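Visitor: I should like a close look at a single part of this molecule, with its surroundings described in enough detail to place that part within the whole chain. Please begin with one residue and work outwards.

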Amino acid sequence: MERTVTSVEWVAGKVRFIDQTKLPGEEVSVETSDYRVIADAIRTLQIRGAPAIGVAAAFAVLLAVHDKDIASQQDLEKKLYEAINYLSQTRPTAVNLFGALNRMRRAYEQASSSAMVSIWSHLELEARAIQQEDVEACRKIGELGAELIQQGSSVLTHCNTGALATAGDGTAQSIITTAARQNKILRVFVDETRPHFQGARLTSWELMKQGLEVVLITDSTAGFLMQQKEVNAVIVGADRIAGNGDVANKIGTYPLAVLAERHMVPFYVAAPTSTIDVNTKTGEQIPVEERKAHEVTHVSGVRIAPEGVKVFAPVFDITQNGLVTAIITECGILKPPYVESIAGLKRQPTQAVANET
Ligand code: MRU
């Protein structure tokens, strides 16, 4: 199975990304040398998915320091901190964003006494490393997670966790496609994922391209399906995992976990260690992004709710660790108690540094 798409890449001094808001109707690539364009793309979900946001932010910092108006190292430093500050205000929940920005800041600090040209190459190496580590993490997550999947499984997934959301083959989706290559997957139930329809628009598109049998369901169908014993496992991604294993992921994940427990279906969370934030002790401390009312009252620009209606639009929820059967990372499969298994993780030193405050 080929990777469906490359979400974000560095091409000859520019960043190229696929505009995810146009999918599946149109496959539009955008190229830019302005870091603010990347920040806007993150804010407007043209670039989305925790790991992809991190990679895009790292490349955006690289764009900022390549500005042709930079004449001195002082200018470069100013631009770098401005860009990091600007990018850090795009979306609050996915910790990969802050991890990547931290790594770029530290890479600069390590190289700051060198000539400008070696600062540039040091920063480029770091951004490429963030990208490459995610490619490798996705592969490993797929390999490890597929071991948990039984032959002939129907799995249910939420949101989009594939190539579009990462630099590699995805997190939860990498498990699904790896298990499919091992002929273990019968079908994939894909939640449409209101309000932005990442499941309907992106996950269905990616998985169908890879030849899997996809059954699209509304978000409220999962309970009925589990009651009918049609789901063998739920596999989702994460935007931030607290030190105790509480999981922030796309709104609608928590009800799935409750249903899975009720129906004795394993509930798996797949995420690279760059999504684990040990500085955030519990899920209650994770900032949950709320988005604008029109994203709920309108579908594809068409109003579906009465003018003036009040709207509450958090786009993530928190699943308590007790509902999570296992967390699959590139460094191993974590089991409860998560405070211990997360503390015992043998991470790459870069990830430990990235998530320091
Ligand atoms: O708002 P989004 O589309 O950025 O939310 C994405 C998710 O919730 C994904 O499940 C998560 O980032 C994991 S992506 C590998």
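Guide: Let us begin with Thr90, which counts as buried because its relative accessibility is 6%, under the 20% limit. The model in which this value was computed is a predicted one. Thr90 lies in the loop between H3 and H4. Its side chain reaches the backbone oxygen of Leu87 at 2.7 Å. Apart from neighbours within four places in sequence, Thr90 is in contact with Ala39, Ile42, Arg43 and Leu97.

Two of these partners, Ala39 and Ile42, lead to H1, where they appear among the buried residues together with Tyr35, Ile38 and Ala41. These residues cover an arc of only 160 degrees around the axis, and therefore lie on the same side of H1. The elements against which the buried residues of H1 pack are E2, E3, H2 and H3.

Both ends of H1 have a local feature to note. At its start, a side-chain oxygen of Asp34 comes to within 2.8 Å of the backbone nitrogen of Arg36. Just after H1, Leu45 adopts a positive phi of about 70 degrees. Leu45 is located in the loop between H1 and H2, and it is buried, with a relative accessible area of 7%. Most residues other than glycine have a negative phi, and most peptide bonds are trans.

A second positive phi in a residue other than glycine occurs at Lys229, with a value near 60 degrees. Lys229 belongs to the loop between helix H8 (222-227) and strand E7 (233-236). In contrast to the buried Leu45, Lys229 is exposed, with a relative accessible area of 73%.

Returning to the surroundings of H1, one meets the largest nonpolar core, which has 41 residues. Ile38, Ile47, Phe59, Leu87 and Leu123 touch the most other members of this core. At least two residues each come from strand E1 (8-11), strand E2 (14-18), helix H1 (35-43), helix H2 (50-65), helix H3 (73-88), helix H4 (95-111) and helix H5 (116-146). H2 gives the most, with 12 residues. Leu87, one of the members just named, is also the residue whose backbone oxygen is reached by the side chain of Thr90. In soluble globular proteins, nonpolar side chains tend to be buried together.

Ile47 shows the contacts of one such member in detail. Leaving out residues up to four places away in sequence, Ile47 touches Val8, Phe17, Gln20, Ile38, Ala41, Ile42, Ala52, Ile53 and Ala56. Among these, Ile38, Ala41 and Ile42 are also buried residues of H1. A second core, separate from the one described, has 27 residues and includes Phe189, Ala238, Val269 and Leu345.

The backbone also contains cis peptide bonds. One runs from Leu23 to Pro24, with omega near 5 degrees, and Pro24 is found in the loop between E2 and strand E3 (29-32). Another joins Pro336 and Pro337, with omega about -5 degrees. Pro337 is in the loop between strand E16 (332-334) and helix H11 (338-343).

As to covalent links between cysteines, the structure holds zero disulfides. Cys138 takes part in none, and the nearest cysteine sulfur, that of Cys331, is 13 Å away. This residue, Cys138, counts as buried at 1% relative accessibility. Cys159 likewise is in no disulfide, the nearest cysteine sulfur being that of Cys138 at 15 Å. Cys159 too counts as buried, with a relative accessibility of 7%.

Finally, the whole chain may be set around these details. The protein chain has 12 helices and 16 strands. Its radius of gyration is 20 Å, close to the 21 Å that the globule rule gives for 357 residues, so the chain is as compact as a globular protein of that length. The C-alpha trace spans about 65 × 50 × 40 Å along its principal axes. Of the 357 residues, 56% are buried. Among contacts between residues at least 6 apart in sequence, 76% join residues at least 24 apart. Thr90 is itself one of the buried residues, at 6% relative accessibility.

Note on methods: Residues numbered from 1 in each chain as written. Predicted model: local features only at pLDDT ≥ 70, side-chain atom pairs only at ≥ 80, totals over all residues. Heavy atoms only, no water. Core = buried A, V, L, I, M, F, W, Y, C linked by side-chain atoms within 4.5 Å. Buried < 20%, exposed > 50% of the residue type's maximum accessible area, 1.4 Å probe, protein only. Helix = DSSP H or I, 4+ residues; strand = E, 2+ residues; numbered from the N terminus. Contact = heavy atoms within 4.5 Å. Polar contact = N/O pair within 3.5 Å; in protein donor to acceptor, adjacent residues only side chain to side chain. Arc of directions from axis to C-beta. Disulfide = S-S within 2.5 Å. Rg over C-alpha atoms; globule rule 2.2 N^0.38 Å.
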